[in-house]
Amino acid sequence: MKPVPSLKHHASSYPLDGDFHRYVVESMRSGVITIDKEGRITTINVVACRILGLERARAIGRHCAEILEDYMDIAQLLLDAFHKEYLPCRAEMEVKKKDSRGKTLGFTLSLVRNDENEVIGSAMFFKDLTHVEVIEEQERLKDRLMALGQMAAGMAHEIRNPLAGIEITVDLIKRKTKSKMPDLDEYLSSVVDEVRRLNRTVTDCLEFVRPLELELEPTDIGLLIDEVFASPGLVGDLSRVKINKELDDTVPLVMLDVHRMRQVFSNLISNACQAMPSGGELTVRISTAPAYVAHVMANMGKTAAKGGSPIREFDTYAVISIMDTGKGIAPDILDKIFHPFFTTKITGSGIGLAITQKIVDSHGGVIDIESTVGKGTTFHVKLPMVQAG
Ligand SMILES: Nc1ncnc2c1ncn2[C@@H]1O[C@H](COP(=O)(O)OP(=O)(O)OP(=O)(O)O)[C@@H](O)[C@H]1O
Ligand SMILES: [Mg+2]
């Protein structure tokens, strides 16, 4: 091994006390563990304790094999360092403590030498790379979803065409047998219903996996909400529901994809109506909130996400709150309601909120929920307010 120059003649340029060195080690953003030649732990900094879940007071002075019994690979590396020709630099290892998730550590091993250049210990410097790995995995997932989207588009085409063929053929048979065989007519009608249902599911699936390309335009959200209430696409009975609109006139036009956002509000208003089968109150409120507040709330909230939005710079959210006095959402399903195909309704497909979230995400927005069982639910859709122009 290449001899390391002695530090002795530099000693006078290090007029620093032991405390300073301790602070340096403590301030390092990497985990540090050192052992002496007997294998006893001489240093373990705060980051190392955090990454490995160890207690420093218990570790110092004890043998590394005892303290690192859940991480024998680390203890072994530290002990082996004394005999190795070559020490790993920027290497990676997987470690796993019993009953907890595994971690990926990036590490470098060194020998500790005294002024006489004698080896007196070994040291490991390491970082928890698990988070980096998660980000990489998310990127890979994005790529896979993209590929899946293309495959789904192809499959949807292959499924929809024969479905259309079946529907037309059944219609022809219906016409030929009409009034002659009323029983058959009923059966054929249910075939058509099922075919249409299948077609809807395929369309919904496709909608969910397909990457969204937004066509942004300056939009008056109040008018958009009025349009949604007037549209025939709303599911649920509005006749027993009292509708309140609390629109803030000062909210300027917002850049958004009108068609997609109409779908968002239609889904949320439909859900609200469906949650109040025997009537209630539905309030739509439009307001604004500073973006940092919205972000903090989103981070604390139950469901929120930032998407790869084309919208980048903004400091205010337009907040569209849809409040109902319906049955509410039980806490144990709150995490699931955005999952595709999760539904508690007999006739629901469970795709409404999944698509809603995807659209809001791609606008760079977030969705927060407040819900109390038996009292009602509020969905807050927060959209970056990028003014037109
Ligand atoms: N306002 C609400 N009040 C109570 N429960 C709700 C509300 N909105 C959504 N949910 C719950 O979330 C589930 C998922 O909603 P989502 O809109 O995704 O699907 P769905 O309404 O069941 O079916 P569809 O695909 O027809 O919209 C619902 O089945 C319901 O249990
Ligand atoms: Mg729905």
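How many bridges pair β1 and β5, and in which sense? Keep that in mind as we click through this model, which is predicted.

**Whole chain**

Start with everything shown as a cartoon. Across the chain you have 11 helices and 12 strands. Colour by burial and 24% of the 389 residues count as buried. If you like contact maps, take the contacts with a separation of 6 or more: residues 24 or more positions apart account for 67% of them.

**The sheet**

Now select the strands β1 (31-36), β2 (41-44), β3 (91-95), β4 (103-113) and β5 (119-128). Together they make an open sheet of 5 strands, and reading across it you get β2-β1-β5-β4-β3, with antiparallel pairing. The edges are β2 and β3, each of which pairs on one side only. Look along the sheet to see the twist: on average, neighbouring strands are turned by 30° against each other, direction ignored.

Back to the opening question: zoom in on β1 and β5, whose antiparallel pairing runs over 6 bridges. For a concrete example, pick V32 and then F125, its bridge partner in β5.

**The helix across the sheet**

Next, select residues 72-80, which is helix α5. This helix lies across β1, β3, β4 and β5, and runs at about 145° to β5.

Show side chains on I74, A75, L77 and L78: these are buried. They sit on the same side of α5, because they cover an arc of only 160° around its axis. What do the buried residues of α5 pack against? Add α4 (64-67) to your selection, as the list is α4 plus the strands β1, β3, β4 and β5.

Then rotate to the face of α5 turned away from its buried side. There you'll find M72 and D80, both exposed.

**One residue in another helix**

Last stop: jump to residues 221-230, helix α8, and pick V228. Is V228 buried or exposed? It counts as buried because it has 21 C-beta neighbours inside 10 Å, where the cut-off is 20 or more.

To see some of the company it keeps, select R262, F265, S266 and I269; V228 is in contact with these once you leave aside its neighbours within four places in sequence. Finally, draw a C-alpha to C-alpha distance from V228 to V264: you should get 9.7 Å, for two residues 36 apart in sequence.

Methods. Residues are numbered from 1 along each chain as its sequence is written. Chains are lettered from A and ligands numbered from 1 in the order in which they are written. This is a predicted model: local features need pLDDT of at least 70, side-chain atom pairs count only at pLDDT 80 or more; totals for chains, interfaces and linings use all residues. A residue is buried if 20 or more other C-beta atoms lie within 10 Å of its own, exposed if 12 or fewer, and partly exposed in between; C-beta atoms are placed from the backbone. Helices (H or I, at least four residues) and strands (E, at least two) are DSSP runs, numbered from the N terminus. The arc is that of the directions from the helix axis to the C-beta atoms. Two residues are in contact if their C-beta atoms, placed from the backbone, lie within 7 Å. Two strands pair if DSSP finds at least two bridges between them. Axes are lines fitted to C-alpha atoms, for helices over the stretch in contact, and angles run from 0 to 180 degrees between N-to-C directions.
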